[in-house]
Amino acid sequence: MDRFLAFSLPELPFVIITLIVAFTIHEFAHAYVAYKFGDDTAKSQGRLTLNPVHHLDPIGTILILIAGFGWARPVPVDRRNFQNPRLAGILVSLAGPLSNFLIAAVAYAILFFSVRTGVPPFFVDLLNMMVWLNIVLFVFNLLPLPPLDGYRIIEDVVSPSVRAKLTQYEQYGTLIFLIIVITPLYQYTIQPIFSFVLPSIIQGFNTMFMLLFG
């Protein structure tokens, strides 16, 4: 059965728990920052919550288990409610990926001390998955391709005229993104980024904690 899944059967419990936590906090972070900047759209739709039911997308979650990529339900944001739409837009978009980075950092910190004190293998495996998958989500969501957060940040960084042009071609960007993700092109585009960035971040965590608590 596991030949039809992106993860092995022993990994599935850790993947599912990690995705529930990662997706929920990611989308909550978007909603919370948007609300703090004056947009209550997400709050009015029940998305300013840590209840996973309101954030998980069934198809997106299943696809991650099967294909290795997927999505949660995007948080609705109305830029017209922001006093400074560009700054608020950047911070709202950044909030999701940064939340995944923080989850990974906290999980690594717990793992760092847990390994020294001795904990059940189940707990160690869960923390390792928390670190790895959240770093993947952090990096992946910052890629400058629609519909990812990285693209939304680019939209708010560039001038309004450039933003208008980007919007015109956004549908093609989404198609290009899907082609890259689901075809062998992934090995020559996104995979090299992960191969370099993921080990670098984990090594950075290790170096930091060794310096502080080694």
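## Asn141 and its helical surroundings

In this predicted model, a polar atom of the Asn141 side chain lies 2.8 Å from the backbone oxygen of Leu137. Asn141 belongs to helix α5, which comprises residues 121–141. Its relative accessible area is 13%; because buried means under 20%, Asn141 counts as buried. Leaving aside residues up to four places away in sequence, Asn141 touches His26, Pro97, Leu148, Asp149 and Gly150.

Helix α5 as a whole is mostly covered, with 15 of its 21 residues buried. At 1.5 Å a residue, these 21 residues should span 30 Å, and the end C-alpha atoms of α5 are indeed 30 Å apart, so the two values agree.

Two of the residues touched by Asn141, His26 and Pro97, also take part in the contact between helices α1 and α4. Helix α1 covers residues 12–36 and helix α4 residues 85–117. Their axes are 8 Å apart and meet at an angle of about 145 degrees, and α1 passes α4 in a right-handed crossing. The residues that form this contact are listed below by helix.

| Helix | Residues in the contact |
|---|---|
| α1 (residues 12–36) | Val21, Ala22, Ile25, His26, Ala29, His30, Val33, Ala34 |
| α4 (residues 85–117) | Leu91, Val92, Ser93, Ala95, Gly96, Pro97, Ser99, Asn100, Ile103 |

By class, the contact of α1 with α4 contains 11 nonpolar and six polar residues, and no charged residues.

Conventions:
Residues numbered from 1 in each chain as written. Predicted model: local features only at pLDDT ≥ 70, side-chain atom pairs only at ≥ 80, totals over all residues. Heavy atoms only, no water. Helix = DSSP H or I, 4+ residues; strand = E, 2+ residues; numbered from the N terminus. Buried < 20%, exposed > 50% of the residue type's maximum accessible area, 1.4 Å probe, protein only. Polar contact = N/O pair within 3.5 Å; in protein donor to acceptor, adjacent residues only side chain to side chain. Contact = heavy atoms within 4.5 Å. Axes fitted to C-alpha atoms, helices over the stretch in contact; angles between N-to-C directions. Left-handed = near helix turned anticlockwise from the far one by under 90°. Nonpolar A, V, L, I, M, F, W, Y, C, P; charged D, E, K, R; others polar. Expected span 1.5 Å × (residues − 1).
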